[in-house]
Amino acid sequence: MTDLFRGPYELKIDSHKFDFIFPKKTDNLRITDIALYSMILSVYSKYMVRLLKNIYFNYSIDMKDLNIFDLGSNIGGTLYYFLREAKSVTGIEYEPLHVDITWHNLNKLNSKEELKKLKLIYGDVEKIFMKQRINTSEAFHYNGEFTKLKNTDIHINNNTLFYIGIPFIDLSFGSTSVSDVILHLDNQYSPISIVVQIPCSIQNNYHEEFYNKNLPILLEKIKSKYDIKFFIDIKKNYG
């Protein structure tokens, strides 16, 4: 029987044959079993970032001015595209193996100039953000080796975009639901944008409850601060 609570293990694959996962056909790219089914495929990450650029253009927002926080960055599939467009990119990931693989892969895929914009953090999103102040007591910066992070190492301003990729099986960060994370980030930091990529079909009871109960409540609470028309259009056209 598969242990759903174990950590990931690394797979040996031919990255040229898995070019739908990675943005480039490059030798010696790394991946884990969990990342193989949970990360966002390259073509979808590319499409999403282009979509965001078009949406922001309509609001006179330039992505090159944004500081992006990827909360649960997996092995960096979306970080690659964010680094090409944004002013700065912070990826936060709870699995240390995924953090190491992200650093390895992005050093092969992104340019040196793009990598200067990256801050890669090993830490727990719930512990870092869900208090009244940022808490990095158990978080580490990673650039080939782990170094202790200070609270002042995380800077959030009005040009911040929070991104949450495909949420987890139970749609939570630890004991905190994705909905509560979104509300807290909105109330505490007033970011310019919060982007949540949610599954396009209901997969389990957690997702069903999110769509049918939590999502309408969440949108009602934040609708006065954000224009969410484009979200509704997407659901109408593709849902």
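Select strands E4 and E5 (residues 118-122) in this predicted model. The two strands run parallel and are joined by 5 bridges. To check the register, pick Ile92, whose bridge partner in E5 is Ile121.

Keep E4 selected, residues 88-93, and colour by relative accessibility. Of its 6 residues, 5 are buried, so the strand is largely enclosed by the rest of the structure.

Next, add strand E3, residues 67-71. E3 also pairs with E4, in the parallel sense and over 5 bridges. Ile68 is a useful marker here: Val89 in E4 stands opposite this residue. Now show helix H3, residues 79-85, as well. Together, E3, H3 and E4 form a β-α-β unit, and the unit is right-handed.

Stay on E3 and bring in strand E8, residues 160-164. E3 and E8 are parallel partners over 4 bridges. Ile68 serves again as the marker, since its bridge partner in E8 is Leu161.

How many of the 5 residues of E8 are buried? The count is 5 of 5, so E8 is largely enclosed by the rest of the structure. Display its side chains. In a regular strand, side chains alternate between the two faces of the sheet. In E8, Thr160, Phe162 and Ile164 point one way, while Leu161 and Tyr163 point the other way. Both sets are buried.

From E8, step to strand E11, residues 193-196. These two strands run parallel and are connected by 4 bridges. Phe162 can be used to find the register, as it stands opposite Ile194 in E11.

Leave the strands and select helix H2, residues 42-58. A distance between its end C-alpha atoms gives 25 Å. At 1.5 Å a residue, its 17 residues should span 24 Å, which agrees.

Which residues of H2 are buried? They are Ser42, Ser45, Met48, Val49, Leu52, Ile55 and Tyr56. Look down the helix axis with these highlighted: they cover an arc of only 155°, which puts them on the same side of H2. Then give a second colour to Val43, Arg50, Asn54, Phe57 and Asn58, which are exposed and sit on the face turned away from the buried side. Just past the end of H2, select Ser60 and read its backbone torsion: phi is positive, about 60°.

Go back to the other end of H2 and select Met39, in the loop between helix H1 (33-38) and H2. Is Met39 buried or exposed? Its relative accessibility is 9%, under the 20% cut-off, so it counts as buried. Show what surrounds the residue. Apart from neighbours within four places in sequence, Met39 is in contact with Ile21, Ile31, Asn74, Ile75 and Gly77. Add Gly165 to the selection: its C-alpha atom is 8.3 Å from that of Met39, although the two residues are 126 residues apart along the chain.

Finally, clear the selection and view the whole protein. There are 9 helices and 11 strands. Of the 239 residues, 44% count as buried. Among contacts with a separation of 6 or more, 60% are between residues 24 or more positions apart. Switch on the accessible surface, which comes to about 13400 Å². Carbon and sulfur atoms account for 52% of that area.

Technical notes: Residues are numbered from 1 along each chain as its sequence is written. This is a predicted model: local features need pLDDT of at least 70, side-chain atom pairs count only at pLDDT 80 or more; totals for chains, interfaces and linings use all residues. Side-chain values use heavy atoms; hydrogens and water are left out. Buried means under 20% relative accessible area, exposed over 50%, partly exposed in between (1.4 Å probe, protein chains only). Contact means heavy atoms within 4.5 Å. Accessible areas come from the Shrake-Rupley method with a 1.4 Å probe; for residues, only the protein chains shown count as cover. The expected span of a helix is 1.5 Å times one less than its number of residues. The arc is that of the directions from the helix axis to the C-beta atoms. Two strands pair if DSSP finds at least two bridges between them. A crossover is right-handed if, with the strands pointing away from the viewer, the path from the first strand over the helix to the second runs clockwise.
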